[in-house]
Amino acid sequence: MRWQLGRRSDNVEDRRGTSISGPVVGGGIGALVLSLIVALLGGDPSVILQQGGSRTNNPPVNSPRPRSATDDQAAEFVSVVLADTEDVWNQIFRENGRNYVEPRLVLFTGRVESACGLASSATGPFYCPADEKVYIDLSFYRDLKNKYQAPGDFAQAYVIAHEVGHHVQNELGILNKVNRLRSQVSKTQANQLSVRLELQADCFAGVWANRAQRSRQILEQGDIEEAINAASSVGDDRLQQRSQGYVVPDSFTHGTAAQRATWFKRGIQSGNIDQCDTFGQNI
Ligand SMILES: [Zn+2]
């Protein structure tokens with residue numbers, strides 16, 4: 001990706017290396033998991049947040065890594081990608097007669113306090129609708145490359161664009177509507193709704209890539225493949241196969257590798273959010 005000359009976003013909050021501060025609402029994590037987060041990876045967000053630990057059970061010891069030049073470059077990169085998503089989504093919202101409220105992005109190390117609760121880096125990158133912020137520990141990029149075998153800068157850009165896709169869903173009222181629906185149906189049906197939500201975020205990430213390419217020619221040889229590979233590598237089937245050796249389709253919350261790649265491609269080929277109606281058609 002050609003990003004070095006790109007605009008840097010004003011919406012990055014750099015909390016790397018700081019220890020967690022701020023009150024823990026309700027004295028425990030139980031009260032906080034009510035506000036759902038949307039993460040890049042599968043798994044039950046409430047479980048994930050509990051793993052983050054509560055103040056009462058675990059001392060809030062953050063173990064900040066010494067900051068490396070690689071991390072600082074990754075932080076710059078993330079800022080440029082975020083700025084680019086701002087330009088694209090401002091434009092798309094304007095075209096539809098709406099106003100886009102830009103999300104903020106928090107860089108953290110170890111653990112972080114969000115309006116959705118306390119989360120650890122094990123959660124992977126996530127979006128919290130309650131404070132409209134994207135959260136990422138840059139160490140995830142090492143995992144993306146090594147653990148999930150999805151190297152490349154455009155794979156990294158896809159991760160940000162996917163989380164911003166959740167913010168777009170929030171702005172459009174989709175996230176709220178789906179979360180309400182999810183609370184009224186069976187666990188399996190709720191999971192299926194979650195899959196549609198995630199695939200739409202993948203499609204929105206593709207729409208961003210299409211529009212950014214059209215206006216700023218950001219893509220280099222191999223970039224699209226990197227993003228498609230990343231979308232596949234975090235498919236539920238791949239993740240479950242890796243972690244437990246078998247897959248349970250009813251428990252999928254993010255979609256299979258094939259579905260994630262397909263919807264990302266739909267976005268990047270069309271550049272049109274109308275092509276991302278994962279709720280109105282077969283996925
Ligand atoms: Zn997601």
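The paragraphs below describe the fold, the packing and the disulfides of this predicted model.

The protein chain holds nine helices and seven strands. Of its 283 residues, 53% count as buried. The chain exposes about 12,400 Å², and carbon and sulfur atoms supply 48% of that area. Among contacts in the chain with a separation of 6 or more, residues 24 or more positions apart account for 77%.

A convenient place to begin is the sheet. Five strands make up an open sheet with mixed pairing, in the order β1-β3-β7-β6-β2. Its edges are formed by β1 (12–14) and β2 (38–39), each of which pairs on one side only. Strand β1 runs parallel to strand β3 (residues 104–107), and three bridges join the two. Within this pairing, Glu13 is found opposite Val106 of β3.

Strands β4 and β5 form a hairpin, with two residues between them. Strand β4 covers residues 111–114, and its pairing with strand β5 (residues 117–120) is antiparallel, over four bridges. One of the matched positions is Ser114, whose bridge partner in β5 is Gly117. In a regular strand, side chains alternate between the two faces of the sheet. In β4, Arg111 and Glu113 point one way while Val112 and Ser114 point the other way, and all of these residues are buried.

The helices offer further views of the packing. In helix α7 (residues 223–233), the buried residues are Asp223, Ala227, Ile228, Ala230, Ala231, Ser232 and Ser233. The buried residues of this helix pack against three other helices, namely α4 (153–171), α8 (236–244) and α9 (257–270). Helix α2 (residues 69–95) contains Ser79, and this serine counts as buried because its relative accessibility is 8%, under the 20% limit. Beyond its neighbours within four places in sequence, Ser79 is in contact with Arg7, Arg8, Ser9 and Val12.

Turning to the nonpolar interior, the largest core has 65 residues, of which Met1, Trp89, Tyr141, Phe154, Tyr158 and Trp208 touch the most other members. The surroundings of Trp208 can be listed in full: leaving out residues up to four places away in sequence, Trp208 touches Met1, Val81, Asp84, Thr85, Val88, Trp89, Phe154, Ala157, Ala161 and Ile218. Another core, of ten residues, lies apart from the largest one and includes Ala39, Val112, Ala119 and Phe126. As a general background, nonpolar side chains in soluble globular proteins tend to be buried together.

Aromatic rings give a complementary picture. The count comes to eight aromatic pairs. One of them, Phe126 with Tyr135, is stacked, at 4.8 Å centre to centre and 10° between the planes. Phe126 is buried, with 0% relative accessibility, and Tyr135 is likewise buried, with 0%. The pair of Phe140 and Tyr148 is tilted, because the ring planes stand at 40°, with the centres 6.1 Å apart. Phe140 counts as buried at 5% relative accessibility, and Tyr148 counts as buried at 11%. Ring pairs also link Trp89, Phe93, Tyr100 and Phe204 into a cluster.

Finally, the covalent links deserve a look. A search of the whole structure finds two disulfides, and with bonded cysteines counted along the chain they follow the pattern 1-2, 3-4. Cys116 is joined to Cys128, with an S to S distance of 2.1 Å, and this link is right-handed, with 90° about the S-S bond. Cys116 sits in the loop between β4 and β5 and Cys128 in strand β6 (residues 126–128), so this pair ties together parts that are twelve residues apart in sequence. Both Cys116 and Cys128 are buried.

The other disulfide joins Cys203 to Cys276, with 2.0 Å from S to S. The link of Cys203 and Cys276 is left-handed, with -75° about the S-S bond. Since Cys203 lies in helix α6 (residues 187–216) and Cys276 in the segment after α9, the pair ties together parts that are 73 residues apart in sequence. Cys203 is buried, with a relative accessible area of 0%, and Cys276 counts as buried at 0% relative accessibility.

Technical notes. Residues numbered from 1 in each chain as written. Predicted model: local features only at pLDDT ≥ 70, side-chain atom pairs only at ≥ 80, totals over all residues. Heavy atoms only, no water. Pairing = 2+ DSSP bridges. Buried < 20%, exposed > 50% of the residue type's maximum accessible area, 1.4 Å probe, protein only. Contact = heavy atoms within 4.5 Å. Areas by Shrake-Rupley, 256 points an atom, 1.4 Å probe, with all protein chains shown as cover. Phe/Tyr/Trp six-rings, centres within 6.5 Å; stacked < 30°, edge-to-face > 60°. Core = buried A, V, L, I, M, F, W, Y, C linked by side-chain atoms within 4.5 Å. Disulfide = S-S within 2.5 Å.
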